[in-house]
Amino acid sequence: MRILCLVAGIAVLVPGCARKEEATQQNLLTNNSSGNPLTAPVDYLGAVNNARKGAIKTIDQTSLTKAIELFNAQEDRFPKDLNELAQKRYIQGVPAPPPGMKFDYNPQTGNVRVVAQ
């Protein structure tokens, strides 16, 4: 009888442990926080750095989009490339893309995106 209860208890606990481990691994994939108070400063700095990269990407893309729209409104065409915006003084210069990224500009549509290299 005791053996039967022991086997039933193990059968209930083992799948539950596997689900907890899967949930922990999924949490690490979606949330870079480990939940450990000792690594909290490192987790925080990593999150701040990721937010900074995202903000720089958004600001650069938005400023270029606005300059392209202004160029199109005044010249009645899209610029041939991003350097033409700087040559005609719509921007001071083409900003450097974030590390590991590049600007993808389509002169037919005037769309500019920041994409991975």
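Strand 1 and strand 2 make a hairpin, with 4 residues sitting between them. Keep in mind as you look around that this is a predicted model. In the turn you'll find glycine 110, whose phi is positive, at about 80°. The two strands run antiparallel and are joined by 6 bridges, with strand 1 covering residues 101-106 and strand 2 covering 111-116. For a landmark on the ladder, find asparagine 106: facing it in strand 2 is asparagine 111.

Now step back along the chain from strand 1. You come into the loop that connects it to helix 3 (82-87), and glycine 93 lives there. Glycine 93 has a relative accessibility of 34%, so it counts as partly exposed, between the 20% and 50% cut-offs. Its C-alpha atom is 7.5 Å from that of asparagine 83, a residue 10 positions away along the chain.

That loop also holds tyrosine 90, and this is where the aromatics come in. Searching the whole structure turns up 1 aromatic pair. The partners are phenylalanine 71 and tyrosine 90, with ring centres 5.1 Å apart; their planes meet at 65°, so the pair is edge-to-face, the cut-off for that being over 60 degrees. Phenylalanine 71 belongs to helix 2 (residues 40-75), and with 19 residues separating it from tyrosine 90, the pair links distant parts of the chain.

How buried or exposed are these two rings' residues? Phenylalanine 71 has 0% relative accessibility and counts as buried. Tyrosine 90 comes in at 17%, and because buried means under 20%, tyrosine 90 counts as buried too.

Technical notes:
Residues are numbered from 1 along each chain as its sequence is written. This is a predicted model: local features need pLDDT of at least 70, side-chain atom pairs count only at pLDDT 80 or more; totals for chains, interfaces and linings use all residues. Side-chain values use heavy atoms; hydrogens and water are left out. Buried means under 20% relative accessible area, exposed over 50%, partly exposed in between (1.4 Å probe, protein chains only). Rings of Phe, Tyr and Trp (its six-membered ring) pair if their centres lie within 6.5 Å; planes under 30 degrees apart count as stacked, over 60 as edge-to-face and the rest as tilted. Two strands pair if DSSP finds at least two bridges between them.
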